[in-house]
Amino acid sequence: MKYLTFAAGMMAATMAVAETPVLTVYTYDSFVSDWGPGPAVEAAFEETCGCDLKFVGAGDGAALLARVKLEGARTDADIVLGLDTNLTAAARETDLFADHAIEASYAFPIGWNDAQFVPFDWGIFAFVKNADLDAPTDFKALGASDLKIVIQDPRSSTPGLGLLMWVKTAYGDESKAVWEGLSDNIVTVTKGWSEAYGMFIEGEADMVLSYTTSPAYHLIAEEDASKDAVKFTEGHYMQIEVAGKLKSTDQDALADQFLAFMVSDAFQSIIPTTNWMYPAVTPADGLPKGFETLVVPDKGLLVASDQVQAIRDEALAEWLDALSQ
C-alpha cells in the first residue's frame, strides 16, 4: 500500500510538471548572465504566470535573427528578445513574427508605432574609457590618434551594427575614409559585446564601443568612478531594443502576457541596474542614483528602420574594404 501511495504521488507530481506551460525566449548572452536581467525577470514573471520561463542565450543581438531565420517555423522560441531598430525591417521580411497589441508610454525621445515589435530598453552608443584618459571627441581625431580600441562585428552584434550606422549617418560619403583612419586603432573585432568589454576591462585597449550608460555599472555596482564615456561632437547613435512574438508559438496567450509584463514596472525597474540601459518605460521610482552623471549627447542619430537595409549594405562594404587593407 505504501508503494502504491508513493507511486500515485510521483505520478501526480509528474503530471503537474508536465502541465506547467513553458515559454521559451531567445535572447543575447549578456541578458541571461548571472549579472544580467534574465534571472530577476524570470523570477518576477514566474510569480504571476504559473509557467516556466526559459531564456536561451543565442550569441549577440544580430546573431539572434540569424538563428531564428535558420530555424524558421521549426524554432523552439516563442519570443525573440534583443533585436533592435537596425534589425526590425529584416526581421519583418522573414514573416516569422506576429502582431501585438501592446501600448505603453515610452521614455525614449522618438515616437513608436510598430505592429510586430515591442521596446524593452534603449541606449546610446559611445566609447567608454578610463576617466583619466584624455581622448579625442570625434571619429577623425580618434583615427589620427595612437589610442587602441575594441569594437564588435556588425554582422553578429547590434552594437557593431550601431557603430556602422553611426559612422555612416555622421559622415555619409566620407565614412570609408573615416574607417581607413580608424583601421590601425582597432585591436580586434569581437563577435559580441561581452568579449569586447572584457578585453577593455583587462586593459587590452584604451577604449571600447559600448554605451553612455556603461559607466553607471561601475559607479553603482562597484562604487568605482574610474570609467566614463566620450562625448562626440558628431552626435551619438541611438539603439532601441525590442522583443517580438513568433507566429509559430504554441503559447500564444502566454507570449502576449510576457510582452505586456515586459513594459510593466516590475520588468522595467530591473533594467537600469542589470542591463545597464535606459528602461523603455520610466519606472515609478525613476532612474537610479548615478544615472544623472552620465554623458548626454548634444545630438541624437537614428536611421528609420525601413531605411536601414540599404544604408547597411553600403556601409558594411566600406567597413570590410577599409579593414582588409
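In this predicted model, helix 7 and helix 13 are joined by a contact in which Leu161, Leu164, Met165 and Lys168 of helix 7 meet Val308, Ile311, Arg312, Glu314, Ala315, Leu316, Glu318 and Trp319 of helix 13. Sorted by class, the residues of this contact comprise eight nonpolar and four charged ones, with no polar residue among them. The two axes come within 9 Å and cross at roughly 90°. Helix 7 and helix 13 are therefore roughly perpendicular to each other, since angles of 65 to 115 degrees fall in that class.

Helix 7 itself is mostly covered, with 12 of its 14 residues buried. The buried set is formed by Thr158, Pro159, Gly160, Leu161, Gly162, Leu163, Leu164, Met165, Trp166, Val167, Lys168 and Tyr171. Leu161, Leu164, Met165 and Lys168 thus come up twice, being buried in helix 7 and also meeting residues of helix 13. The span of helix 7 agrees with expectation: at 1.5 Å a residue, its 14 residues should cover 20 Å, and the end C-alpha atoms are 20 Å apart.

Ala170 is also found in helix 7, but this residue is partly exposed, with a relative accessible area of 30%. Once neighbours within four places in sequence are left aside, the contacts of Ala170 are with Glu234 and Leu301. Ala170 can be paired with Gly235 as well: 65 residues separate the two along the chain, while their C-alpha atoms are separated by 7.6 Å.

Turning to the partner, helix 13 covers residues 308-324. From its first C-alpha to its last, this 17-residue helix reaches 24 Å, close to the 24 Å expected at 1.5 Å a residue. Val308, Arg312, Ala315, Leu316, Glu318, Trp319 and Ala322 are buried in helix 13. Their packing partners are two helices, helix 7 (158-171) and helix 8 (175-182), together with two strands, strand 5 (149-152) and strand 6 (186-190). Charged side chains have a place in this picture, as Arg312 and Glu318 are buried and both take part in the contact with helix 7.

The meeting of helix 8 with helix 13 has its own geometry. Here the axes come within 8 Å and cross at roughly 35°, and the crossing is right-handed. On the helix 8 side, Ser175, Lys176, Trp179 and Glu180 take part, and they meet Glu318, Trp319, Asp321, Ala322 and Leu323 of helix 13. This contact holds four nonpolar, one polar and four charged residues. Glu318 and Trp319 of helix 13 meet helix 8 and also meet helix 7, and both of these residues are buried.

Another helix pair is formed by helix 3 (residues 38-49) and helix 11 (residues 252-262), whose axes come within 11 Å and cross at roughly 125°. That angle makes helix 3 oblique to helix 11. The crossing of helix 3 and helix 11 is right-handed. Helix 3 contributes Val41, Ala44, Phe45, Thr48 and Cys49, which meet Leu254, Gln257, Phe258 and Phe261 of helix 11. By class, seven residues of this contact are nonpolar and two are polar, and none is charged.

Two residues in loops deserve a look for their backbone angles. Glu223 has a phi near 55°, a positive value in a residue other than glycine. Glu223 sits in the loop between helix 10 (214-221) and strand 8 (227-229), and at 75% relative accessibility this residue counts as exposed. Trp276 also has a positive phi, of about 55°, although it is not a glycine. The loop that holds Trp276 runs between helix 12 (265-268) and strand 10 (278-279). In contrast to the exposed Glu223, Trp276 is buried, with a relative accessible area of 8%.

Strand 8, which follows the loop of Glu223, contains Lys227. Although lysine is classed as charged, Lys227 counts as buried, at 16% relative accessibility. With neighbours within four places in sequence set aside, Lys227 is in contact with Val128, Lys129, Asn130, Ala131, Phe200, Ile201, Pro215 and His218. One of these partners, Val128, is 99 residues away from Lys227 along the chain, yet the two C-alpha atoms are separated by 6.9 Å.

Key: Residues are numbered from 1 along each chain as its sequence is written. This is a predicted model: local features need pLDDT of at least 70, side-chain atom pairs count only at pLDDT 80 or more; totals for chains, interfaces and linings use all residues. Side-chain values use heavy atoms; hydrogens and water are left out. Axes are lines fitted to C-alpha atoms, for helices over the stretch in contact, and angles run from 0 to 180 degrees between N-to-C directions. Helices (H or I, at least four residues) and strands (E, at least two) are DSSP runs, numbered from the N terminus. Angles under 35 degrees count as roughly parallel, over 145 as roughly antiparallel, 65 to 115 as roughly perpendicular and the rest as oblique. A crossing is left-handed if the near helix is turned anticlockwise from the far one by less than a right angle, and right-handed if clockwise. Contact means heavy atoms within 4.5 Å. The expected span of a helix is 1.5 Å times one less than its number of residues. Buried means under 20% relative accessible area, exposed over 50%, partly exposed in between (1.4 Å probe, protein chains only).
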